[in-house]
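The following exercises are to be worked with the sequence and the coordinates at hand. Each task is followed by a solution in steps.

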Amino acid sequence: MFLADCQARLAFDLMSNTWNAVVIWSLRHGPRRPGDLRTRIGGISPKVLTETLRRLEANGLVTRQSYAQAPPRVEYELTDLGRTLLEPIGTLGEWAFDHADEVMAAQDETPERS
């Protein structure tokens, strides 16, 4: 049972946001600037990326490093804690790759309910 105070709910809440896992996965090879992340991810607005990075930082999954340069530069990197999510995210991605056709077929067969 996943009660409101269950620790597993914390993980489910973190991964239920569409962009959290995508951003974590995009940071797997090292630090990235926000513009680079947007290019790698595609389809994410600057506002949503900023919100996602702040949420991940607040949960201890990424760090933000700012450099006093002209122009200012900021990079984000996974923490050790954030890196622990790479294996489960990778496993879920493999599952999606293996079963996406089945899920989409089931969705096509299910009549819409009003």
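Helices (H or I, at least four residues) and strands (E, at least two) are DSSP runs, numbered from the N terminus. The model is predicted: local features need pLDDT of at least 70, side-chain atom pairs count only at pLDDT 80 or more, and totals for chains, interfaces and linings use all residues. Residues are numbered from 1 along each chain as its sequence is written, and side-chain values use heavy atoms, with hydrogens and water left out.

**Exercise 1. Classify Val 48 and Gln 7 by element and by accessibility.**

Step 1. Val 48 is found in helix α4, and the place of Gln 7 is in helix α1.

Step 2. The classes are buried (under 20% relative accessible area), exposed (over 50%) and partly exposed (in between), with a 1.4 Å probe and protein chains only.

Step 3. Val 48 has a relative accessible area of 25%, so it is partly exposed. Gln 7 counts as exposed because its relative accessibility is 72%.

Step 4. Two C-alpha separations complete the picture. Val 48 and Arg 73 are 25 residues apart in sequence and 19 Å apart in space; for Gln 7 and Val 23 the values are 16 residues and 22 Å.

**Exercise 2. State which residues of helix α2 are buried, what they pack against, and how the N-terminal end is capped.**

Step 1. Helix α2 covers residues 18–26, and Asn 20, Ala 21, Val 23, Ile 24 and Ser 26 are buried there.

Step 2. With contact taken as heavy atoms within 4.5 Å, the buried residues of α2 pack against α1 (7–16), α3 (34–41), α4 (46–58), β2 (73–78), α5 (80–83) and α6 (86–109).

Step 3. The cap at the N-terminal end of α2 is Asn 17, which has a side-chain oxygen 2.8 Å from the backbone nitrogen of Trp 19.

Step 4. Ser 26 serves as a detailed case. Its relative accessible area is 13%, and therefore Ser 26 is buried. The side chain of Ser 26 reaches the backbone oxygen of Val 22 at 2.9 Å. Leaving aside residues up to four places away in sequence, Ser 26 touches Arg 32, Leu 37 and Ile 41.

**Exercise 3. Compare the surroundings of Arg 32 and Arg 64.**

Step 1. Arg 32 is placed in the loop between α2 and α3, whereas Arg 64 lies in strand β1.

Step 2. Arg 32 has a relative accessible area of 15%, so it is buried. Arg 64, at 42%, is therefore partly exposed.

Step 3. A polar contact is a pair of N or O atoms within 3.5 Å; within protein, one must be able to donate a hydrogen and the other to accept it, and residues adjacent in sequence count only if both atoms are side-chain atoms. The side chain of Arg 32 makes such a contact with the side chain of Asp 36 (3.5 Å). The side chain of Arg 64 does so with the side chains of Ser 66 (3.4 Å) and Tyr 76 (3.2 Å).

Step 4. Not counting residues up to four places away in sequence, Arg 32 touches Ser 26, Leu 27, Leu 37, Arg 40, Val 74, Glu 75 and Tyr 76. On that basis, Arg 64 touches Glu 57, Val 74, Glu 75 and Tyr 76.

Step 5. The C-alpha atoms of Arg 64 and Arg 32 are 9.9 Å apart, with a sequence separation of 32 residues.

**Exercise 4. Identify the peptide bond that joins Ala 70 and Pro 71 as cis or trans.**

Step 1. Pro 71 lies in the loop between β1 (62–67) and β2.

Step 2. Omega is about -5 degrees, and the bond between Ala 70 and Pro 71 is cis.

Step 3. For reference, most peptide bonds are trans.

**Exercise 5. Report the confidence of the prediction for the chain and its elements.**

Step 1. pLDDT is the predictor's confidence in each residue, from 0 to 100.

Step 2. The chain averages a pLDDT of 92, and 95% of the residues score at least 70.

Step 3. Among the elements of the chain, the lowest mean pLDDT belongs to α1 (85) and the highest to α5 (98).
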